[in-house]
Each structure stands twice: as structure tokens, then as C-alpha cells.
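Dear colleague,

I am passing on the structure we talked about, with the sequence alongside it. Please look through it first, and then read the notes underneath.

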Amino acid sequence: MGKFANRFVRKSIRLAALLVALCALSFWLVSISPIDPVQAYVGADAMLVSPDQRARIAEYWGLNEPPVERFARWFSAIAQGDLGTSMIYRQPVADVIAERFAASLALMGVAWTLSGMFGFALGVLAGYRRGTWIDRAVKWYSLTLASTPTFWLGLLLLIVFSVWLGLFPVGLETPAGVLAEDVTWAERVHHLILPALTLSILGVASIALHTRQKLIDVLESDYVLFARARGESEWDILRRHGLRNIALPAVTLQFASFSELFGGAVLAEQVFSYPGLGRATVQAGLRGDVPLLLGAVIFSALFVFAGNLIADLLYRVIDPRIRVGRVT
Amino acid sequence: MNETDALTLPRPRATMVPGLNRRRLTLLVIAVSMFVLAGIVVGGQLIADIRIDTHLELRNQAPSIQHPFGTDWLGRDMLTRTLRGLTTSLVVGVLAASLSALIALALGAAAATLGDAADTAISWLVDLFMSVPHLVALILISFAAGGGAKGVVIGVVLTHWPSLTRVVRAEIMSLRSSEFVQASRRLGRSRSWVARRHLLPHVIPQFIVGLILLFPHAILHEAAVTFLGFGLPPHKPSIGIILSEAMMHLSAGRWWLTLLPGLALLVIVRTFDILGDNIRALIDPRTAHE
Amino acid sequence: MTSRITRFLALFTALTLALSLITGCSQAKTDEATDAPGAVRDDLVLAIGGENESGYDPIIGWGRYGNPLFQSTLLKRDDGLNVVNDLATGYEVSDDGLTWTVSIRDDVLFHDGEPLTAGDVAFTFQTAKESGSVVDLGILASAKATDDTTVVFTLTEPRSTFLYQMVATGIVPEHAWGPEYAKNPIGSGPYRFVQWNQGQQLIVEANPQYHGGTPDIRRITFLFMDEDAAFAAAKAGEADVVSVPASFATQEVPGMRLAAVPSIDNRGIMFPFVPDEDKTTKDGYSIGNDVTADIAIRRAINIAVDRDALVEGVLEGFGSPAYSVSDNMPWWNPEVVFEDGDIETAKELLAAAGWKDESGDGILEKNGLEARFTLVYPASDLIRQSLALATSDQVRAIGIEMVPEGKSWDDIQTLMHSNAVLFGWGSHDPLEMYNLYSSMYAGVDWWNTGFYANPQVDEYMNEALATTDDEAANELWKKAQWDGTTGFSAKGDAPWAWLVNLDHCYFIAEGLDTGTQRIQPHGHGWPITANITDWRWK
């Protein structure tokens with residue numbers, strides 16, 4: 001266990017170093033942007049805003065200071081947990097992220113679970129029936145999905161379920177005319193279904209292919225041959241040897257896929273106007289909300305890292321024999 | 001799909017067709033894929049500009065013989081727009097993926113050959129660039145570049161090299177510890193001789209496969225980031241633009257604006273995928289003799 | 001060993017449950033039905049855009065286009081756009097045009113119950129002038145309350161359009177105005193502010209003490225959403241009035257009727273008027289364009305463009321051809337209308353000016369200069385994009401190539417002095433016309449970005465401003481457009497090619513009476529609510 005703690009500490013230091021570098025890199029990137037945050041912020045109402053007002057906005061956001069000073073100020077603030085104030089939401093960035101991420105988490109959680117279960121089931125089915133039409137169908141389906149643009153699939157679902165069948169709302173963040181705090185649980189779920197479905201359909205691909213391959217490897221291994229020779233039934237072999245050896249890699253892969261999951265959520269939220277962190281990130285980028293954009297970048301990195309850390313720990317805690325290093 | 005897996009996982013092989021052996025079938029698939037890709041680029045250029053002009057009297061037409069993909073709200077032929085858009089996607093995707101692959105080759109080789117310090121530094125850099133979801137990184141980089149095609153290309157270049165770097169590094173590492181390289185070294189061959197005669201010939205095929213499999217990712221990311229409004233400007237032909245415009249016409253029931261261009265993009269991406277897999281099958285020493 | 005798998009699955013499930021609980025619990029709230037069955041509704045849900053990001057403070061520009069809603073103004077317009085009293089009971093202008101004396105009502109209360117006095121009026125104008133914001137009160141020397149019901153405005157020079165400042169400026173309470181005012185406005189208008197969730201919705205309630213009588217509609221929710229989403233909300237019956245772009249107006253929505261309200265919300269192409277002589281603005285943006293500086297080019301484009309086709313094709317018929325910035329306003333000169341879509345005349349005009357296609361590529365040249373220039377439009381605006389693309393294709397027929405480029409407002413600001421730009425204007429105040437065409441405003445803000453200048457036009461317009469007589473002023477404005485020999489209209493210098501006036505399209509719930517709708521100005525704010533006190537459910 002000492003070794004484990006040691007590793008944990010090393011990982012944490014590494015994360016801290018990465019985060020600091022990421023902050024510096026991101027800050028440098030936004031500071032070289034030719035997009036004038038004031039203009040981006042004022043947007044289409046540009047004609048109604050006077051130079052004076054612009055100057056006031058610029059001063060308010062500290063845009064007139066030299067970049068290094070701004071970075072020092074910003075970094076010492078975020079080190080204390082203060083991510084600044086979002087320009088477009090006029091709330092502390094931390095609050096915006098917390099609120100938006102709760103919505104995204106619901107979306108990603110559902111999609112992650114569904115795609116994990118279905119992907120695993122499909123992978124097992126394909127691997128178990130290797131070479132049959134089921135296998136080919138699953139393969140074809142997975143590879144095709146891996147090439148499918150998330151946002152396009154989302155649009156198709158919108159056309160079918162919202163426009164043609166009228167079952168779901170077309171891109172309304174919350175039900176019209178209802179205060180944000182009065183929205184019911186059922187209404188939220190209603191708004192969640194299509195984006196979650198989009199993400200889960202696409203998330204199935206990698207887990208299914210991965211599981212299929214692992215199962216095939218296992219079923220072709222010496223010990224399964226031995227088990228067959230002993231006269232165990234195919235079902236018993238699958239249950240005792242197959243699933244046991246492929247479930248862990250599958251769960252690990254799911255945790256390691258947080259990066260893709262988040263990226264998919266950005267697109268799905270945009271298509272369905274779902275009020276999550278992904279949409280907020282897009283808005284921040286489009287409208288030059290620098291504090292929020294930086295906050296979202298750092299937070300998404302933390303999210304990805306958390307997934308990788310869990311995947312890593314799962315590997316070590318449950319099956320120490322497995323070689324480390326495959327999972328990133 | 002997790003990119004590292006896309007590059008390293010063994011893919012299911014094409015199934016047998018009577019009368020063709022595996023190698024021939026693979027070659028056939030490669031030829032067909034390349035033909036499809038070339039056809040799109042050439043077709044997009046051959047179609048006259050006039051079809052992409054506005055024809056207000058022909059607006060919002062569902063697919064027909066004259067306009068197989070229908071027309072948009074300005075009466076522009078959607079097939080032409082789609083083909084032109086795919087060409088843009090191909091150019092941007094191939095350019096960005098190639099630049100990205102060159103970085104990967106250089107850094108992967110450096111990590112594998114320049115000693116522990118370089119290896120640590122480069123793997124740290126890989127971690128840094130993989131720590132943020134691609135799409136978020138793309139948004140940040142596009143913002144930094146002030147939008148436009150430049151931003152997309154830089155963004156895709158900067159986000160796609162890490163996975164291939166790992167592949168290159170791992171490949172060189174395993175070659176270096178292989179017996180014939182060890183033998184060469186003991187025979188007193190210089191580093192550069194070993195690199196030229198042993199490492200490169202083995203790494204290049206892997207690298208090419210990795211490069212081709214980067215294309216679909218680059219193309220999808222170009223479309224995604226353009227769709228979100230960070231990429232190409234709206235008058236440029238691009239699938240991302242077409243689909244984000246289509247979003248404004250969903251409620252009006254103009255399904256063809258969404259369905260067909262997206263399907264075309266899917267076909268392109270899938271074609272690259274198949275191409276990459278089959279080239280891998282052809283040149284990968286582990287499967288080439290099957 | 002099987003128990004491990006069970007444990008994984010249990011972990012999977014537990015995680016999922018935990019996720020849904022974490023996110024679910026914090027959000028679970030009950031939904032209370034507010035509508036009693038059978039009762040006539042007195043609430044309203046509007047999805048008509050118009051969210052003002054910088055808040056609702058008239059001092060920094062709120063309500064200048066359209067109607068401030070929360071605040072009252074000294075004067076207002078009736079349904080026929082005639083100027084009538086609101087807070088004012090009357091006004092007098094001194095003979096030299098420098099002193100405006102306004103008497104106001106003594107029975108008006110702010111939403112917080114405090115009385116509205118002449119002091120508040122003076123405070124509003126004085127503060128607006130000093131804030132140096134979009135409210136252009138540069139000619140105001142002072143605003144003073146001489147007693148509780150009398151305000152005296154002293155101008156530095158005579159200005160006929162000061163009248164419209166009194167229509168456009170909402171009066172704020174001196175005692176409750178401050179930096180936070182924009183987010184929590186208090187006024188004396190028909191509705192008072194309740195809640196604003198930025199980017200989502202704004203809720204207002206009827207002001208029971210409103211001096212124009214308590215409105216029938218008690219509560220209004222403004223929803224802020226994308227056009228497609230707003231249209232979807234209309235179809236789902238979730239909003240009672242929905243503004244939609246013309247491309248949606250051809251659709252049927254059950255339970256709603258379409259109202260296409262004419263407007264002077266126009267779109268047109270601004271041409272740089274001066275040639276490129278390597279000059280730059282003080283911000284370093286280059287000025288001038290050699291192609292558009294040629295009057296033949298500007299006139300030919302004006303003549304060649306088929307405005308009816310644009311109205312039909314881009315606006316689905318919901319609009320009208322535009323020939324000036326102020327079609328059908330009292331100061332509009334009807335003589336500026338001309339025959340358009342006339343390719344032949346346009347070609348002759350170009351040929352006579354020396355433009356020839358020497359290279360045979362379909363694009364004209366003159367002294368080695370190709371008739372090619374960039375037409376910049378805001379990339380985020382679909383109608384402007386469509387207009388840019390369609391007009392570019394139309395003028396190619398006369399050998400002029402306009403290359404449409406979608407840009408952000410940010411970029412447009414750097415390009416607008418040296419490239420043609422697709423702008424939109426349209427105001428109930430002739431001052432806008434002055435700002436767009438006066439050489440005084442060349443290169444100032446977003447006004448005369450093409451550096452148009454014509455001494456004769458300047459003279460007419462300065463005279464129009466200086467006169468104290470409304471009618472005389474209108475005649476001078478007309479002369480500035482076209483006096484028979486020169487002017488800023490397409491017949492004269494043609495610094496713009498005006499294209500279309502949009503109809504503002506709304507889907508309105510059956511059973512909602514929205515009174516008589518007026519010709520609306522350029523779309524900011526909520527012009528449709530200008531007569532909100534007349535609205536009722538039947």
C-alpha cells in the first residue's frame with residue numbers, strides 16, 4: 001500500500017504541474033486572440049454602444065493591463081478557487097460551471113451508463129458469435145457509428161422525434177414561461193432524452209469493438225481451450241472466464257473515454273440547446289467570455305483527469321497483475 | 001471513439017469473397033476507396049459554378065432528378081454545395097492531419113531515441129495536450145486564432161499529434177530492443193545507420209497507416225468545430241456550415257438539408273477508415289501474409 | 001470470482017443512480033398550475049427577442065428604438081406615428097429655437113410610489129448627456145427644472161430633431177438611479193420589472209398606477225431564444241406572440257395567426273464613397289475603395305438590383321423594396337423611387353462611364369481597374385447573408401463582381417471604411433438620416449462609414465436641423481435626398497444601395513387582440529409592444 005500511496009502522490013504532483021502548464025498555455029492562447037472581448041461581448045448591439053462604454057467595459061474586465069500582470073493576477077486568483085466573473089452570465093465562473101456541469105453530468109452520466117451497458121452487451125454478443133452475421137452486423141454498426149458526426153446524428157433525431165413525431169421539444173433550454181427554479185424533474189428528463197440518446201448511440205462503438213476483441217482473445221486462450229477440453233459448456237466458459245476477464249477492461253475503457261464523452265456532450269448540447277457546460281463553453285468561445293472559456297478548459301481537464309485516474313486505480317486495485325501503462 | 005484505440009486496436013478484417021484472395025480483395029477495396037475520394041474532389045470541381053449561384057425561384061426544393069440533394073433557401077444546388085464542402089473538408093483534414101503526423105513522427109522518434117530526459121519531456125507534453133477534450137481545445141485554439149480556416153487547421157494539428165506520437169514511440173522502442181537492431185549495434189553500426197536501415201523501414205508503414213487513420217478524425221473535427229461556429233466563414237463551402245444552417249430549417253421540415261450532406265460526410269469518413277485498415281492489412285508485417 | 005463481476009455491475013448501477021440523484025434532487029421542484037379553467041387569461045408569453053444585454057437603462061440607450069416599456073417618455077407616438085403627449089402636457093420653443101420649455105403632469109408615480117417630478121426629467125437628460133453614451137445630446141446645454149412641473153431645456157444651437165429626443169428618452173427616477181439601475185429598472189411606464197434571467201427570460205407585471213390606465217394584461221414573460229426555437233415554441237403553444245424570420249412566415253401554426261407588420265427596418269449596401277488614397281482612420285483602418293468611389297458603379301448597382309425579386313425570394317414576400325433609409329416617413333421624398341431590375345440601362349451607364357470587359361472574363365475593367373470589390377455582411381445574420389449572396393449574383397449580370405464575405409461585427413468595424421457593407425437602419429427620427437449622410441459624421445462610430453460628403457446635402461440638412469418648424473424641416477430633409485439636381489438618394493450621389501424594408505413577422509395566438517400595429521423601426525427592443533396598453537384577450 002505504501003507504493004500505492006507513493007504513486008498517488010506522484011500522480012498528484014504530475015497533475016498539478018500539468019494544470020499549471022495548461023493554465024499558462026490557455027492564458028497565452030486567449031491573450032494572443034485578435035478577437036476583442038469587448039466587441040465580442042457587445043455583439044450585434046455594437047451600434048448602440050459608445051466608445052466610452054467600451055472603455056468602461058474594458059476597464060471593468062481589466063483588459064487594459066499587460067498580459068503578464070493579468071496572468072499573475074488571474075493565476076493567483078484561480079489558485080484560491082476564484083475563476084473570475086463570466087462576462088455573459090454575469091455570475092462567478094465557478095457558479096456558472098457548477099450549475100452547468102450538474103446538467104451536463106446528468107446528460108453524460110445517462111449516456112455513459114447506457115452506452116457502457118449496450119456496448120458491452122453488443123461486444124460480448126459479437127465476440128461470442130464470432131464470424132456469424134451478428135458479429136458482422138455489430139462490427140459494421142460500430143465502425144459506421146465511429147465515423148458518424150455527433151451533431152448530424154443529433155439533427156436526424158431532432159427531425160424524426162421532434163419535427164415529425166412531435167414527441168420532444170426542438171431546442172428549448174427550459175419550458176417556456178417557467179422560471180428556471182420552477183422547472184420540474186420530469187420536464188428536465190424530457191429535455192434530456194434526445195441528447196442522451198445521441199451520445200449513447202455513438203458511445204457504443206468503441207466499447208463494443210473493444211469488448212468483442214478482448215472476448216475473442218480470451219476465448220482463443222489456452223486456458224479456455226483447456227476448459228473446453230475439460231468439457232465445460234460454452235455458456236459456462238463465457239460466464240466463468242469470458243465475462244470475468246473482459247468486464248474490467250470495459251469499465252476501465254469507459255472511464256478513460258471521458259475526453260470523448262465531454263467532446264460529444266459539447267456537440268449534443270449545442271444541437272439540442274441543452275443548458276450544460278458544453279454549450280456554455282461554446283458560447284464563451286463565440287462571444288469572447290475569456291474567464292468562462294478558461295474556466296471551462298481547466299474544468300474539462302480536471303474531468304478528463306478524474307476519469308483517467310479512476311481507470312488507473314481500477315486497474316491496480318482490482319487486478320494488480322495487469323500491466324500499467326496501457327491506459328492514459 | 002477513443003483515438004488511441006482507433007490507432008492500435010486490431011481491426012476486424014474484411015471477409016472473403018469467392019474468387020478473390022485476401023490480398024486481391026484488399027487491393028480492390030483500396031482502389032475503390034481511392035476512386036470514391038478522387039471522384040468527390042474531381043466531381044466537385046467539374047460541376048459548374050452556376051449551380052451554386054442563388055436561384056431564388058428554385059428555393060427550398062426537395063430532392064429531384066435535377067437537384068438530387070434538393071436546394072437550399074436561396075435556391076443553391078445542395079449536391080454541388082455538398083461536394084464542394086466535402087472537398088474543403090478533405091483539404092483541411094488532409095493538410096491538418098499530415099502536419100500533425102509530421103510532428104508526431106519527429107517527437108515520437110525523439111522520445112524513443114534521445115534518452116530518458118527527452119522521453120519524459122515529450123510524454124509530459126503528450127499528457128498536456130491530451131488533458132483537455134479535443135473539442136474544447138479546438139474551441140480555445142480557434143478563439144486564439146480569431147476563427148477561420150487557419151484556426152481550424154492549427155487546432156486540428158495541435159490536438160491530433162499526441163496519439164500518433166505514442167504509436168511511433170512505442171514502435172521504435174520495440175524495434176530498438178529487437179534482436180536485429182541489438183545485433184547491428186553490437187556490430188558497431190552508427191545510430192544514424194541503424195535508424196536509416198532498420199528503424200525507418202519499419203516505422204514508415206506504421207506511420208502511414210496512422211496518418212491515414214488520422215484523416216477521418218481530422219475531417220470530423222473540422223466539421224464539428226465549423227458547425228459550432230468557430231471554423232470556416234459561412235460563405236465558404238463546408239459541411240459544418242451546411243449542417244449548422246440546416247439547423248435553422250429543421251422546424252420547417254426541410255430534412256434534405258440535413259440528411260444528405262451529413263450522409264455524404266459519413267461516407268467520406270468511413271471510406272478513409274476502410275482505406276486505412278486495408279492499407280494496414282497490406283503492409284503490416286503481422287497480417288500481410290495472411 | 002463471479003462475485004467480482006457482480007460487484008462491477010453493482011458499481012456501475014450505483015454510480016448511475018448516484019449521478020441521477022445528485023442532479024435530480026437539486027432540481028426537483030413542484031410545478032403549480034396557475035390558470036383557473038374557463039377564466040379569461042391575463043398573462044402573456046412573448047418570444048420576440050430584443051433582450052438588451054446591457055440592461056434596461058434609458059441613460060445608456062435602452063428603448064431608443066421601439067419602446068422602453070418600464071419608463072415613460074415626455075412625448076410619444078400614437079398609432080399613426082403622430083407625436084403626442086405622454087408625461088408632457090405641452091411644450092413651447094422659443095423663436096431662436098434655443099429654449100424648449102416643457103410642462104409635465106403632476107400625477108405620475110414611479111413604480112416605487114415616489115412622484116415623478118420635473119427634477120427627474122432634468123436629471124435624466126442631464127445624466128444622459130454627461131454619460132457620453134449612445135444618447136446623443138451634444139447640443140443640450142442644460143436641462144433645468146424651474147418648478148415641479150416645468151423643465152427648461154437650453155440648446156447650444158437650434159435643433160428641430162430635439163423633439164425626437166423627448167420621444168426616445170425614458171425618464172428615470174433621480175432617487176433610484178445608479179450603476180445597478182440597468183438590471184433593476186424603476187420607471188413610470190405601463191409595466192414594472194419583476195425578474196430577469198439573462199439569456200433566458202424577463203418577467204414584468206402591470207403597473208396598477210400607470211397614468212395611461214392599468215393595462216389589461218397583468219403579467220408578461222419575454223422569452224429570449226433562437227429563431228428556430230421560438231418558432232418551435234409557437235408550434236408547441238408555449239408562447240403567445242412569436243417573432244419569426246420571413247422564411248418561417250409561410251408556415252401554418254395551429255391556433256395562431258400571422259401578422260406581418262410593415263417597418264422601415266431596412267437593409268442596404270453602404271459603398272465607400274472616396275477612393276483609396278492610403279488614408280486611415282485614427283484607429284488605423286484604411287479608408288476608401290477605388291471601385292465603389294466611381295458613381296457609375298454605385299448607380300448601376302442601384303438600377304440593376306431587382307428589389308422585388310429580393311422581397312419575394314429572400315423575404316418570402318414579407319417586405320417591400322427600399323429606395324431610401326426612410327421610406328414613407330414624413331420627411332421622405334417620394335421622387336427617389338426609380339425603376340430597378342433594369343440590366344440594360346445599368347450596362348449602358350457603365351459603358352458610358354468607360355467600363356469595358358477587355359479581358360473577356362465577364363468582369364468589367366476601366367483603366368486596368370477591375371469592377372470587383374468585397375461586400376461584407378455580418379456572418380451571424382441569415383437574412384443579410386442571403387441578401388448579400390443574391391445581390392452579388394444579380395449584379396454579376398452587369399459585369400460587376402461583389403464578393404460576399406461573412407465577418408464578425410468586430411472585423412466589420414475594421415473593414416467598413418474600405419469595403420461595401422450590408423447594414424441595416426431605419427428610425428422614427430430623421431436624425432438618423434443626418435448621422436448617416438452628414439460629412440460631420442464621416443468615420444464616426446457606425447454612422448457615415450463610407451465618408452460620404454456633399455456640401456449641398458450638408459447645407460440642406462444643417463438647415464433642417466436648425467429650423468424650429470417641423471414642416472419646413474421635412475421639406476429640407478426631402479431636398480437633401482433629391483432637389484432635382486443632387487442629393488444623397490440613388491438618383492443623386494447614390495452612396496448606398498438600399499435593398500429592402502423588412503416586414504416584422506409575428507405569430508400571434510388566436511384570441512389575443514394586439515390593437516393597431518404601427519410601422520416599426522429597425523429591430524432592437526420590442527417595437528410591437530409600443531401599444532401594449534391596448535392589448536387584451538378576447
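The notes below take up confidence, then chain B and its helices, and lastly the contact between chains.

Please bear in mind throughout that this is a predicted model. It scores ipTM 0.84 and pTM 0.79. Chain B has an average pLDDT of 82, with 90% of its residues scoring at least 70, while chain C has an average of 86, with 91% of its residues scoring at least 70.

The averages hide some variation within each chain. In chain B the confidence is lowest in H1(B), where the mean is 43, and highest in H5(B), where it reaches 90. The pLDDT is below 50 over residues 1-16 of chain B, a stretch that nevertheless has 34 contacts in the model beyond near neighbours in sequence. In chain C, the lowest mean pLDDT among the elements belongs to helix H1 (residues 2-25), at 46, and the highest to helix H5 (residues 295-304), at 95. Two stretches of chain C may deserve your caution: pLDDT stays under 50 over residues 1-6, for which the model has 5 contacts beyond four places in sequence, and again over residues 11-37, for which it has 25 such contacts.

As for its architecture, chain B is made up of 10 helices and 0 strands, and its C-alpha trace spans about 80 × 55 × 30 Å along the principal axes. Helix H3 of chain B (residues 78-113) is a useful one to check by length: its 36 residues, at 1.5 Å a residue, should span 52 Å, and because its end C-alpha atoms are 51 Å apart, the model agrees with that expectation. Just after H3(B), B:Gly115 adopts a positive phi of about 95 degrees.

Two helix pairs in chain B can be described in some detail. Two packed helices are described by the angle between their axes and the distance between the axes. For H3(B) and H8(B), the axes come within 8 Å and cross at roughly 130 degrees, which means that H3(B) is oblique to H8(B). The crossing of this pair is right-handed. The residues that make the contact include B:Gly93, B:Ala97 and B:Ala101 from H3(B), and B:Gly210, B:Leu214 and B:Ala218 from H8(B). By class, the residues of this contact divide into 14 nonpolar, 5 polar and 1 charged.

The second pair is helix H2 (residues 22-46) of chain B with H10(B), whose axes come within 9 Å and cross at roughly 145 degrees. Here the crossing is left-handed. Among the residues that meet are B:Ile30, B:Met34 and B:Leu37 in H2(B), and B:Ile268, B:Leu275 and B:Ile279 in H10(B). The residues of this contact comprise 12 nonpolar, 4 polar and no charged.

Finally, there is the contact of chain B with chain A, which takes 45 residues from chain B and 51 residues from chain A. On the side of chain B that touches chain A, the elements giving two or more residues are helices H1 (3-8), H4 (116-130), H5 (134-145), H8 (191-227), H9 (239-246) and H10 (256-283) of chain B. That side has 31 nonpolar, 10 polar and 4 charged residues. When you look at it, please remember that H1(B), one of these elements, has the lowest confidence in chain B, at a mean of 43.

With best wishes

Notes. Residues are numbered from 1 along each chain as its sequence is written. Chains are lettered from A and ligands numbered from 1 in the order in which they are written. This is a predicted model: local features need pLDDT of at least 70, side-chain atom pairs count only at pLDDT 80 or more; totals for chains, interfaces and linings use all residues. Two residues are in contact if their C-beta atoms, placed from the backbone, lie within 7 Å. Helices (H or I, at least four residues) and strands (E, at least two) are DSSP runs, numbered from the N terminus. Ala, Val, Leu, Ile, Met, Phe, Trp, Tyr, Cys and Pro count as nonpolar, Asp, Glu, Lys and Arg as charged, and the others, Gly among them, as polar. The expected span of a helix is 1.5 Å times one less than its number of residues. pLDDT is the predictor's confidence in each residue, from 0 to 100. Axes are lines fitted to C-alpha atoms, for helices over the stretch in contact, and angles run from 0 to 180 degrees between N-to-C directions. Angles under 35 degrees count as roughly parallel, over 145 as roughly antiparallel, 65 to 115 as roughly perpendicular and the rest as oblique. A crossing is left-handed if the near helix is turned anticlockwise from the far one by less than a right angle, and right-handed if clockwise.
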